[in-house]
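Hi everyone, thanks for making room for me today. I'd like to walk you through one chain, from the overall picture down to a few single residues. Have a look at the screen first, and then we'll start.

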Amino acid sequence: MANNFPIKPEHFRAYAEKAVNGYIKRFSKLFSPDDREDIISEVVMRMWRARDSFSTDKGAFSTWVGTIARNAVFSFAKSKKDREDISNDFEDGEILDNCEYSWYRSDEFAADRELLSEEFQEGLFGKLRSERDQRFLAWQIEGLEAKEMAKREGVSLENVYLILFHMRERLRRAA
């Protein structure tokens with residue numbers, strides 16, 4: 001930890017909580033208690049990751065924590081707002097035919113969901129001629145991170161991003 005860092009790790013949460021609570025008041029109806037805890041945890045994580053960047057020459061510690069908290073709260077609010085139309089609860093568990101949820105989330109309730117997913121994936125793989133592209137697509141479907149793909153393929157991380165970009169372009173053109 002940087003020598004000029006003014007607090008110990010065990011005090012991160014208290015500072016993060018105070019800063020988050022200051023910003024969260026603006027969004028009192030938007031965030032649940034669980035959301036609040038998630039944001040505080042995010043701020044603690046960001047503080048930890050950026051601890052070496054803190055400098056008293058750039059400003060006060062409270063300003064530094066406040067900026068991190070503000071950014072986390074605003075990011076979380078934007079993310080929540082962007083998901084709002086597809087993440088609200090259904091009234092009595094019922095989905096109306098003309099409801100926008102029927103469009104966004106219809107696959108969650110389909111009896112043949114797995115079959116449709118397999119057919120879709122087969123179609124994607126069929127559009128890729130290169131074994132390398134097929135390998136990378138399979139890894140993306142598995143949820144592998146780019147770092148792991150680079151390690152498995154024996155290429156640089158930048159090369160992985162380039163491979164994925166070109167693979168997506170080939171799929172887009174084939175669609």
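**A walk through the chain**

So, of the 175 residues in this chain, 26% count as buried. Please keep in mind as we go that this is a predicted model. The chain exposes about 12600 Å², and carbon and sulfur atoms supply 49% of that area.

What about the secondary structure? How many helices and how many strands does the chain have? There are 8 helices and 0 strands, and from the N terminus on the elements read α-α-α-α-α-α-α-α. As for contacts between residues at least 6 apart in sequence, 55% of them join residues at least 24 apart.

Let's go inside. The largest nonpolar core has 22 residues. F5, V20, I39, V43, M47, F61 and W64 are the ones with the most contacts inside this core. Which helices supply at least two residues each? Those are α1, residues 12-24, together with α2 and α3, the latter being residues 61-87. Helix α3 gives the most to this core, with 8 residues.

There is also a second, separate core, this one of 14 residues, and L137, W139, A150 and V160 are included in it.

Back to I39 for a moment, since we met I39 among the residues with the most contacts inside the largest core. If we leave out neighbours within four places in sequence, I39 is in contact with V20, I24, F31, A72, V73 and F76.

Now for an acidic residue, D35, which sits in helix α2, residues 33-50. Is D35 buried or exposed? The relative accessibility of D35 is 11%, so D35 counts as buried. Again setting aside neighbours within four places in sequence, D35 contacts L30, F76 and K80. You may remember F76 from a minute ago, as F76 is also on the contact list of I39.

Moving along the chain, here is a helix pair I'd like you to look at. Helix α6, residues 131-142, packs with helix α7, residues 146-153, at an angle of about 145°, and their axes are 11 Å apart. The crossing of α6 past α7 is right-handed. Which residues make the contact? From α6 we have R132, R135, F136, W139, Q140 and E142, and from α7 we have M149, R152 and E153. By type, this contact of α6 with α7 divides into 3 nonpolar, 1 polar and 5 charged residues. W139, by the way, is one of the residues of the second core.

Two of those α6 residues turn up again when we look at I163, in helix α8, residues 157-174. I163 has a relative accessibility of 4%, and therefore counts as buried. Apart from residues up to four places away in sequence, I163 touches R132, D133 and F136. How far apart are I163 and D133? They are 30 residues apart in sequence and 7.6 Å apart in space, C-alpha to C-alpha.

My last stop is Q121, in helix α5, residues 113-127. With 26% relative accessibility, Q121 counts as partly exposed, because that class begins where buried, under 20%, ends. The C-alpha atoms of Q121 and I141 are separated by 8.8 Å, and the two residues are 20 apart along the chain.

That's my tour. Thanks for listening, and I'm happy to go back to any part of it.

Conventions
Residues are numbered from 1 along each chain as its sequence is written. This is a predicted model: local features need pLDDT of at least 70, side-chain atom pairs count only at pLDDT 80 or more; totals for chains, interfaces and linings use all residues. Side-chain values use heavy atoms; hydrogens and water are left out. Axes are lines fitted to C-alpha atoms, for helices over the stretch in contact, and angles run from 0 to 180 degrees between N-to-C directions. Helices (H or I, at least four residues) and strands (E, at least two) are DSSP runs, numbered from the N terminus. A crossing is left-handed if the near helix is turned anticlockwise from the far one by less than a right angle, and right-handed if clockwise. Contact means heavy atoms within 4.5 Å. Ala, Val, Leu, Ile, Met, Phe, Trp, Tyr, Cys and Pro count as nonpolar, Asp, Glu, Lys and Arg as charged, and the others, Gly among them, as polar. Buried means under 20% relative accessible area, exposed over 50%, partly exposed in between (1.4 Å probe, protein chains only). A nonpolar core is a set of buried Ala, Val, Leu, Ile, Met, Phe, Trp, Tyr and Cys residues joined through side-chain atoms within 4.5 Å. Accessible areas come from the Shrake-Rupley method with a 1.4 Å probe; for residues, only the protein chains shown count as cover.
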